[in-house]
Amino acid sequence: MSLTLVIGNKNYSSWSLRPWLAMKQAGLEFGEVRISLARPETTAQILRYTPSGRVPCLLDGALTVWDSMAICEYVNEQYAGGSLWPQDVGRRARARSVAAEMHSGFAALRAHLSMDIRAYRPDDGAAALARPQVSAEVARVQGLWSDCLRACGGPFLFGDFSIADAFFAPVVTRFRTYAIPLAEPLARYSDAVFALTAMQEWVAAAAVEPETIDD
């Protein structure tokens, strides 16, 4: 195995966190190339690795896989023995649906509650929740989590950790940054994701990054 994951700043790059966390949870060994985002040289540096001009991307020998969902699916098939999705076909379909909704949706949440792991911004969170579209999307996330946890019993959305949890891990950090209220068992789920050893490794690295990106 000779895998390299090209990522952005750990403090800000929600797209990078998803496959990185999934690969760590699968116990895969991989190298890391971190490219600082929002710099004059950023696009040129990324284009050295992927024609998409975006992070993350995965290098596996001569093969380049880009897009966080494609990377997760690839490593699940090739290296994780299918362990990153539930084994039950119904749960697996549901988990894919949940992850895909996060992958393609929630534009207002992304815009007004951007990932910033180092920060604590409750006033900005309250202001964002005053926007009907943001409030509706936060409620949708909470509803998804509630339904999954109720059906599968936790501690993660589908019992064991899956790609679905990797896709919501950036939301876990956002809810902490902006002090979004969570009732039980949602707070317990959030704490379980945040307490993962791999997640703590990512957060610790984000804390010492020197770069800042303005909203």
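Start by selecting helix α1, residues 14–25 (helices are DSSP runs of H or I, at least four residues, and strands are E runs of at least two, numbered from the N terminus). Nine of its 12 residues are buried, so α1 is largely enclosed by the rest of the structure; buried means under 20% relative accessible area, exposed over 50%, and partly exposed in between, with a 1.4 Å probe and protein chains only. This is a predicted model, where local features need pLDDT of at least 70 and side-chain atom pairs count only at pLDDT 80 or more, while totals for chains, interfaces and linings use all residues. Residues are numbered from 1 along each chain as its sequence is written, and side-chain values use heavy atoms, with hydrogens and water left out.

Stay on α1 and color Trp20 and Leu21, which are among its buried residues. Just past the helix, click glycine 27: its phi is positive, near 75 degrees. Then show arginine 18, whose charged end sits over the ring of tryptophan 15, 4.5 Å from the ring centre (the test wants NZ of Lys or CZ of Arg within 6 Å of the centre and within 35 degrees of the ring normal).

Next, the rings. There are seven aromatic pairs in the whole structure (Phe, Tyr and Trp rings, the six-membered one for Trp, with centres within 6.5 Å; planes under 30 degrees apart are stacked, over 60 edge-to-face, the rest tilted). Select tryptophan 20 with phenylalanine 30: they sit edge-to-face, 6.5 Å centre to centre, with 90 degrees between the planes. Phenylalanine 30 is in the loop between α1 and β2, so this pair ties together parts 10 residues apart in sequence.

Now jump to tryptophan 145 and tyrosine 189, also an edge-to-face pair, at 5.0 Å and 70 degrees. One is in helix α7 and the other in helix α9, so the contact ties together parts 44 residues apart. Both residues are buried. Add Phe168 and Phe175 to the selection, and you have one aromatic cluster.

Finish with charges. The count comes to 11 salt bridges (a side-chain nitrogen of Lys or Arg within 4 Å of a carboxyl oxygen of Asp or Glu). Pick glutamate 211 and arginine 34, which meet at 2.8 Å, N to O. Arginine 34 is in strand β2 and glutamate 211 in the segment after α10, 177 residues apart. Glutamate 211 is buried at 12% relative accessible area, whereas arginine 34 is partly exposed at 34%. Include Glu209 as well, and the three residues show up as a network of salt bridges.
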